[in-house]
Amino acid sequence: MLRIGIIGCGKIAQVRHITEYLNNQNVKITALYDVNFQRASTLGEKIGAKAYDSLDELLSSDIDAVSVCSANFAHAQNTIAALNTHKHVLCEKPMAVTLEECEAMVKAASDNKCTLMIDQNQRLARAHVKAKELIEQGVIGKVISFRTIFGHGGPETWSIDPGLNTWFFDKNKASMGAMADLGVHKTDLIQYLLSAKVKSVRAKVCTLDKKYADGSKILVDDNAFCIYEMDNGVIGYMIASWTFYGGEDNSTVIYGTEGVLHIYEDKDYSIVLNLKNGETVKYQLDAIQTNDNQTSSGIIDAFVDCILGKRENVIDGKDVLHAMKTVFCAIESSKSGKKIEV
Ligand SMILES: NC(=O)c1ccc[n+]([C@@H]2O[C@H](COP(=O)([O-])OP(=O)(O)OC[C@H]3O[C@@H](n4cnc5c(N)ncnc54)[C@H](O)[C@@H]3O)[C@@H](O)[C@H]2O)c1
């Protein structure tokens, strides 16, 4: 039985990590830590785990692995501290707030021979796995272009500490906005679906609408519009937004020489395949997770299986570096107005 510690006991820890660990027969959550001790303590009483006063105390307790679910700025520090005490780590996205930090996390995992998995859970969604299979089978011919979008109304209603002064809008704690929060999901996803890497990016990463409680514009981006050229010649665009009020869009469309794949676009079918010959094939697999509909993401089972040697690390930290690099390059492109080679 693996013993698990949770670092950061907010919304994603509660609705995803803890929920999915409790449904896994091979683990027991024994330790919790949050800068808000009361939050960890109340949760500990509910699930039968001990709340610790400090990260060091949690890491000194008898645990095998941790989930890092803290605010973005703390991911690298929490992850590296855990790896250096030989704990396996599942870290939330965005992996960290600088490329140097991301690279240091990968190095710490390698030095300590521990698993480092990043919660790029979109790769595990059933329609994405199926779409990758269809693309590899050549069902839509040669891929030409794509569009991939992740937008919702913003994190200020989602966070366990909701409101306009949420840490998600705090430059010091979040560092980046919609581009890193949602854009990294779709950047990682498109690379996974196309088995290709982003070669260059041209982007506008900006703040269009979100304001703090005092009415001033937030200091992180709330929208990102990116054109990606992939290293296999495919070109497409990626949009990440916190200003899709009244409706979430989490869809991807892939255009090939023989047809078009619509993923999580139709409300009834997770994939709709429209072929050049007029045929339509519809797949009813699952519904994409939304803020209001948290179904099992499969990430915890993947992490636990990986530690137990039953599965490869399907989302290794080092495989997420390029998506993070693309995020940083998109921000740089927006500042300079130039295309950036990733
Ligand atoms: N993979 C996904 O789809 C997904 C979805 C939502 C959130 N996330 C990520 O998960 C992380 C947490 O987000 P959330 O939605 O749970 O936010 P949240 O505001 O609901 O919770 C964050 C929690 O972390 C705690 N915290 C902050 N700094 C800490 C530190 N240094 N050490 C320990 N605890 C700390 C806070 O007190 C709070 O309890 C973020 O990085 C976010 O981007 C990922």
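The following exercises, with worked solutions, concern the sheet and one helix of a predicted model.

In this model, local features need pLDDT of at least 70, side-chain atom pairs count only at pLDDT 80 or more, and totals for chains, interfaces and linings use all residues. Residues are numbered from 1 along each chain as its sequence is written, and side-chain values use heavy atoms, with hydrogens and water left out.

**Exercise 1.** Determine the order of the strands in the open sheet.

*Solution.* Strands (DSSP runs of E, at least two residues) and helices (H or I, at least four) are numbered from the N terminus. Two strands pair if DSSP finds at least two bridges between them. The six strands of the open sheet, paired in parallel, follow the order β3-β2-β1-β4-β5-β6. At the edges stand β3 (50-52) and β6 (116-118), each pairing on one side only.

**Exercise 2.** Describe the pairing of β1 with β2 and with β4.

*Solution.* With β2 (residues 27-33), β1 forms six bridges in the parallel sense; Leu 2 has Val 27 as its bridge partner in β2. With β4, β1 pairs in the parallel sense over four bridges, and Gly 5 stands opposite Val 66 in β4.

**Exercise 3.** Establish where the buried residues of α4 lie on the helix.

*Solution.* Buried means under 20% relative accessible area, exposed over 50%, and partly exposed in between (1.4 Å probe, protein chains only). In α4 (residues 75-84), the buried residues are His 75, Ala 76, Asn 78, Thr 79, Ala 82 and Leu 83. Viewed down the axis of α4, they fall within an arc of 165° (taken from the directions from the helix axis to the C-beta atoms), so they line one face of the helix.
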